[in-house]
Amino acid sequence: MTRLKSFTPPLRAAVIGASGSIGGAFVGHLQAQPSVTQVYAFSRSPLAGGNKVIAGPLDYDDETSIIAAAESTRAGGPLDLVIVASGLLHEGPDLQPEKSYRMLAGEPLARAFQVNTIGPALVARHFLPLLARDRKAVFAALSARVGSIGDNRLGGWYGYRAAKAALNMMIRCLAIEVARNRKQTLCVGLHPGTVDSALSEPFQGGVADDKLFAPERSAGHLLDVLDALTPADSGKVFAWDGTEIPS
Ligand SMILES: NC(=O)c1ccc[n+]([C@@H]2O[C@H](COP(=O)([O-])OP(=O)(O)OC[C@H]3O[C@@H](n4cnc5c(N)ncnc54)[C@H](OP(=O)(O)O)[C@@H]3O)[C@@H](O)[C@H]2O)c1
């Protein structure tokens with residue numbers, strides 16, 4: 001299926017968190033597009049490159065790796081698309097989604113913000129200057145519907161929700177600043193749906209089979225959403241079906 005028709009070929013894209021389920025699916029879709037000539041796949045776990053893909057390391061615990069990743073794309077020319085597909089919901093017994101305020105603890109909260117908010121913000125810092133200025137260009141970060149303050153009726157998952165809400169605010173600030181001198185650049189958040197991955201695996205119990213997306217399906221929908229967006233949509237968060245998620 002031909003995608004990304006609203007972008008100007010040849011396209012160069014970077015995916016951060018390419019070792020993840022959704023990140024890997026983005027890389028696969030981008031590779032398959034004839035209009036895409038180069039895909040940079042950055043990840044904490046090592047990945048193999050090949051067939052348009054250049055793989056490289058990027059770990060949010062080491063800002064120099066973010067700077068080096070950005071620099072490694074420079075020689076090829078401007079980027080058209082930067083997708084941040086990293087994220088963290090749980091990490092061992094000490095970092096699990098909190099069911100009650102009694103579970104709140106400093107280190108796990110800081111970790112949730114480090115991976116879900118600060119890392120993507122630093123990616124924006126170092127990659128935004130590399131986006132094309134003379135045509136549609138997009139910086140997109142995977143957020144989550146549960147990061148919507150207005151939509152929060154269940155509570156719980158304090159650290160993840162709060163870190164994604166903070167990511168959404170980063171995206172809004174980036175969009176406002178970038179619009180001043182890059183009229184064709186969009187900064188948006190994306191909600192992928194409930195997707196079969198290591199991140200969602202412990203929480204898939206109550207999810208009906210037809211509501212649990214394969215990563216390839218979700219990433220395909222999200223690329224189509226990005227394709228349909230215009231600069232007027234910058235700063236917002238969109239779900240896999242193109243609907244806007246309230247702040
Ligand atoms: N799956 C869902 O149902 C769902 C729903 C809503 C939103 N989301 C969001 O979608 C995004 C992708 O999730 P996923 O389901 O594909 O999860 P996943 O398969 O667990 O992938 C997570 C990715 O984040 C990377 N990452 C974690 N810590 C990192 C760090 N310190 N530095 C750099 N990279 C780091 C992982 O890298 P390594 O594996 O190499 O360590 C991996 O590439 C996340 O932002 C998530 O919050 C997912």
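Below are legends for a few close-up views of this predicted model.

Two bits of housekeeping come before the views. The model is predicted, with local features needing pLDDT of at least 70, side-chain atom pairs counting only at pLDDT 80 or more, and totals for chains, interfaces and linings using all residues. Residues are numbered from 1 along each chain as its sequence is written, and side-chain values use heavy atoms, with hydrogens and water left out.

**View 1. The ligand and the residues around it.** There are 28 residues around the ligand, and Ser19, Ser45, Ser86, Tyr160 and Ser197 come nearest (a residue is near if one of its heavy atoms lies within 4 Å). By type, the shell splits into 11 nonpolar, 13 polar and 4 charged residues (nonpolar is Ala, Val, Leu, Ile, Met, Phe, Trp, Tyr, Cys and Pro; charged is Asp, Glu, Lys and Arg; polar is the others, Gly among them).

**View 2. Polar contacts to ligand oxygen atoms.** Here a polar contact is a pair of N or O atoms within 3.5 Å. A side-chain N or O atom of Ser19 sits 2.6 Å from a ligand oxygen. For Ser86, a polar backbone atom is 2.6 Å from an oxygen atom of the ligand, while Val195 brings a backbone N or O atom to 2.8 Å from a ligand oxygen. On its own the ligand has 900 Å² of accessible area, and the protein covers 90% of that (Shrake-Rupley method, 1.4 Å probe). Helix H1 (21–32), helix H3 (106–127), helix H4 (158–181) and strand E7 (194–195) each give two or more residues to the shell (helices are DSSP runs of H or I with at least four residues, strands runs of E with at least two).

**View 3. Strand E1 and its partners.** In E1 (residues 11–16), 6 of 6 residues are buried (under 20% relative accessible area, 1.4 Å probe, protein chains only). Leu11, Ala13 and Val15 point one way, with Arg12, Ala14 and Ile16 pointing the other. E1 pairs with E2 (residues 36–43) in the parallel sense over 6 bridges (pairing takes at least two DSSP bridges), and Arg12 has Gln38 as its bridge partner in E2. E1 and E4 (residues 81–84) also run parallel, joined by 4 bridges, and Ala13 stands opposite Leu81 in E4.

**View 4. The open sheet and its edges.** The sheet has 8 strands in the order E3-E2-E1-E4-E5-E6-E9-E10, with mixed pairing. E3 (53–57) and E10 (244–245) are at the edges with a single partner strand each, so one side of each has no neighbour in the sheet. E2 and E3 run parallel and share 5 bridges, with Ala41 opposite Ala55 in E3.

Definitions and conventions
A polar contact is a pair of N or O atoms within 3.5 Å; within protein, one must be able to donate a hydrogen and the other to accept it, and residues adjacent in sequence count only if both atoms are side-chain atoms. Buried means under 20% relative accessible area, exposed over 50%, partly exposed in between (1.4 Å probe, protein chains only).
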